[in-house]
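Trainee: I have this model open and would like to go through it with you, piece by piece. Shall we start?

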2 protein chains.
Amino acid sequence: MDFDIITPLLNNQSDEKIVLLVMDGLGGLPMNKGGLTELEAASTPNMDALAKESALGLHQGIRTGITPGSGPAHLSLFGYDPIKYQVGRGVLSALGIDFDLQKQDLAARGNMCTVDAEGRVIDRRAGRVGSEVTERLCALLNEKVNIPGVQIFTQVVKEYRFLLVVRGEGLKPNIEETDPQVVGEKPLVARALDKESEKAAEIVQEFVRQAGEILKDESPANMVMLRGFAQLPDWPMFPDAFGLKSIAIAMYPMYRGVAKLVGMDSPPAAASYEEEIDMLEKYWNDYDFFFVHIKKTDSYGEDGNFENKVKEIEKVDALLPRILALDPSVLIITGDHSTPCLMKRHSWHPVPTLLYSKRCRPDGIEQFGERACLRGGLGGRFPAYELMPLALANAGRLEKLGA
Amino acid sequence: MDFDIITPLLNNQSDEKIVLLVMDGLGGLPMNKGGLTELEAASTPNMDALAKESALGLHQGIRTGITPGSGPAHLSLFGYDPIKYQVGRGVLSALGIDFDLQKQDLAARGNMCTVDAEGRVIDRRAGRVGSEVTERLCALLNEKVNIPGVQIFTQVVKEYRFLLVVRGEGLKPNIEETDPQVVGEKPLVARALDKESEKAAEIVQEFVRQAGEILKDESPANMVMLRGFAQLPDWPMFPDAFGLKSIAIAMYPMYRGVAKLVGMDSPPAAASYEEEIDMLEKYWNDYDFFFVHIKKTDSYGEDGNFENKVKEIEKVDALLPRILALDPSVLIITGDHSTPCLMKRHSWHPVPTLLYSKRCRPDGIEQFGERACLRGGLGGRFPAYELMPLALANAGRLEKLGA
């Protein structure tokens, strides 16, 4: 949906509140022929009762057949077409580990690697060294790298992967990646691909040189490679574009990060679902829009643990009365993508969605599940980024277009 | 839908006729939990019988969540994506009062206002003077304003609002609005915003000057303010684009106006539904496409009068045999947007649509209503501007694309 269409229609008189409850990886598949999906198998009396008064459907985060990663999936739920709004990978790395990236920072993904005496790469992942090794080496780099005029931060992501952030003035990210992609070659030079990026490229080259010096006696991780140079994007911010004071309530950094990327506030991570609902209650009067993220439905999907994914859905259902007691004007219950236990990974399958409001047109469907949602008024494969305009409309927050 | 795709495929051999019957604001909502919508509650034996042989669905005039005004809603039904085809507000004003706007005319919206002795605006709406006052003042302006080389027309719209039309050669509408938007300031100068609009801007400035002179002893309306300068758009015309000799049959000027905007003929307004069907019969042999507009379904929606909206739908149902007796090749029954009695205003909810033709693929649904249409082959949220290509196809008026 175009912000150009929506933003001029905002009605700032409405103070009605919107809750977006995302069960990560909610969509599923039957494990056996003729069986039920995870959501269909779950006992969800509260969601089923709400479904009767709601508009149902299934959304696609990106495009038909495209499996969304967590970043694009959430951007789409937030109203950003993820094909139009793509985030650089360096920035995604920063979001994933809760690094507080600033407007002018340059971020990149790093690999620890192994080079031979001539500097040729002999292992692009340094024997997949563990996070504790990379953490120690990052501390070393943070201590010893010294480049006048900029600050350098490195931080472990996972195993041999780390984040590099260069903080300074006038840095632009159009820089060649240094990973040669094959062993037996030296790391490539981080050349500037345009004039604006020359300053940053020189700094990155100097970082690589010093890192090689500092790590040269380590083993097996004695060098670094960099890719995915990126900066925070210059997008319309969610609170301005939609006229909503907005907060993200989540247990994991990735989701708080994506929400912060579009300008939502995000208090420190909650430790449990109950604590997430506590926070929803606590901040209820201070915000218009509440993004509440539930992680473990996805984790059990990735594990292929059907029984536990069902149980997580049932736990969320049991929390629903506390959310409804706050009397939100609009409540959307959905996932960011499907993670069928059968596949043990994210998938392209459309994601069950329930939109409740006093102004929605109920479909008269008595269950919240994949097949039930197919019969709903939102349609079986609607773009996830249409949910936000619909939420605004249902909250009385959009004027009509034209006389 | 793109005219570039449709127009080259036109088959001019077909003389089959298409009727588009629009019940304004048709779509609705239940007034109570578990209840029926207006259309579902109405007893519509003729439409229900037709539904069995028809393709059903629900359309959206603009985009998901966007509530259409009457102008964009009808343009979409006529095959024009209303985001791509936007009409200037001055032109909309002219349409709304049945002013016969010509190709080169410059139109603007006017307000009567009150200025103090120094010319500063002290009331932007002149105490909301009634239509009869504005009518008298417009007559005065029409009589006394004298600008060589152009004709000036003013006409009351409603209360303090009026239409200004400048008729002459070489006028362009890119002119600054004169309403300062706050009291205590003088009206702004109608400056040209590009070189082509300089001539028109000078004429408008002279009109404002003379209007100030002519009205200076009136009270409270002693000055005018202008905004929404616009001209008839240079769009593909409906009869050419779709190869259809076309007529609009309606009771209110706004709807005849939008139809004329896209090049349809429009005889004088009918006085009743029966008279509209009389006109349909009268002109049956002279046209290919008939747009028949029913107003009161929307009016009762805006009033929140569920019972009367239901009755209006039933009245239209009772007229259906007269339309079917003409044996149209294609009959579309729909609304331009939803106007749920529950909300007393236009809404974004998709609009029930029935497309009957001998060549349609019947959905086997036995009722014409919101939930029934959800199960139909046209889908639950199809763009209204796809109806015209579908109507042409069903009338045997489109060739295939490619060999």
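Trainee: Which helix of chain A holds Phe3(A), and is Phe3(A) buried, partly exposed or exposed?

Mentor: Keep in mind that this is a predicted model. Phe3(A) sits in helix H1 (residues 3-6) of chain A. A residue is buried from 20 C-beta neighbours within 10 Å and exposed at 12 or fewer. Phe3(A) has 18 such neighbours inside 10 Å, so the class is partly exposed.

Trainee: Which residues is Phe3(A) in contact with, leaving aside its neighbours within four places in sequence?

Mentor: Let me set one residue aside before I answer: Phe291(A) lies 288 residues from Phe3(A) along the chain, and their C-alpha atoms are separated by 19 Å. With neighbours within four places in sequence left out, the contacts of Phe3(A) are Pro236(A) and Ala241(A).

Trainee: How is chain A divided into domains, and which helix gives the most to the side of domain 1 of chain A that touches domain 2 of chain A?

Mentor: Chain A has domain 1 (3-86 + 235-394) and domain 2 (92-230), and 36 Å separate their centres, taken over C-alpha atoms. Their contact takes seven residues from domain 1 of chain A and five residues from domain 2 of chain A. On the domain 1 side, the residues divide into four nonpolar, two polar and one charged. Six residues on that side come from one element, helix H9 (residues 253-261) of chain A.

Trainee: Turning to helix H7 (residues 198-215) of chain A, how many degrees around the axis do its buried residues cover?

Mentor: H7(A) has 18 residues and reaches 26 Å from its first C-alpha to its last, close to the 26 Å expected at 1.5 Å a residue. Its buried residues are Ala200(A), Ala201(A), Ile203(A), Val204(A), Phe207(A), Val208(A), Ala211(A) and Leu215(A). They lie on the same side of H7(A), because the arc they cover is only 160 degrees.

Trainee: Which exposed residues are on the face of H7(A) turned away from its buried side?

Mentor: Start with the buried side: its cover includes strand E3 (106-115), helix H6 (131-144), strand E5 (151-158), strand E6 (161-167) and strand E7 (223-230) of chain A. The face turned away from the buried side of H7(A) carries the exposed residues Arg209(A) and Glu213(A).

Trainee: Why is helix H5 (residues 89-96) of chain B largely enclosed by the rest of the structure, and which residue just after H5(B) takes a positive phi?

Mentor: Seven of the eight residues of H5(B) are buried, so the rest of the structure largely encloses this helix. Among them are Val91(B), Leu92(B) and Leu95(B), and the cover includes H4, strand E3 (106-115) and helix H9 (253-261) of chain B. Just after H5(B), a positive phi of about 65 degrees is taken by Asp98(B).

Trainee: What rotation axis relates the two copies?

Mentor: Chain B can be laid on chain A with an RMSD of 0.4 Å by a turn of 122 degrees and a shift of 0.2 Å along the axis. The copies are thus related as by a three-fold rotation axis.

Trainee: Do the copies meet through different surfaces or the same ones, and what percentage of the interface residues of chain B are also interface residues in chain A?

Mentor: The contact takes 26 residues from chain B and 19 residues from chain A. Helix H4 (70-77), helix H13 (370-374) and strand E12 (379-383) of chain B each supply at least two residues of its side, which by class has 11 nonpolar, 10 polar and five charged residues. The copies meet through different surfaces, because the share of interface residues of chain B that are also interface residues in chain A is only 4%.

Notes
Residues numbered from 1 in each chain as written. Chains lettered and ligands numbered in written order. Predicted model: local features only at pLDDT ≥ 70, side-chain atom pairs only at ≥ 80, totals over all residues. Contact = placed C-beta atoms within 7 Å. Helix = DSSP H or I, 4+ residues; strand = E, 2+ residues; numbered from the N terminus. Nonpolar A, V, L, I, M, F, W, Y, C, P; charged D, E, K, R; others polar. Domains from an automatic or database assignment. Expected span 1.5 Å × (residues − 1). Arc of directions from axis to C-beta. Least-squares fit on C-alpha atoms with pLDDT ≥ 70 in both.
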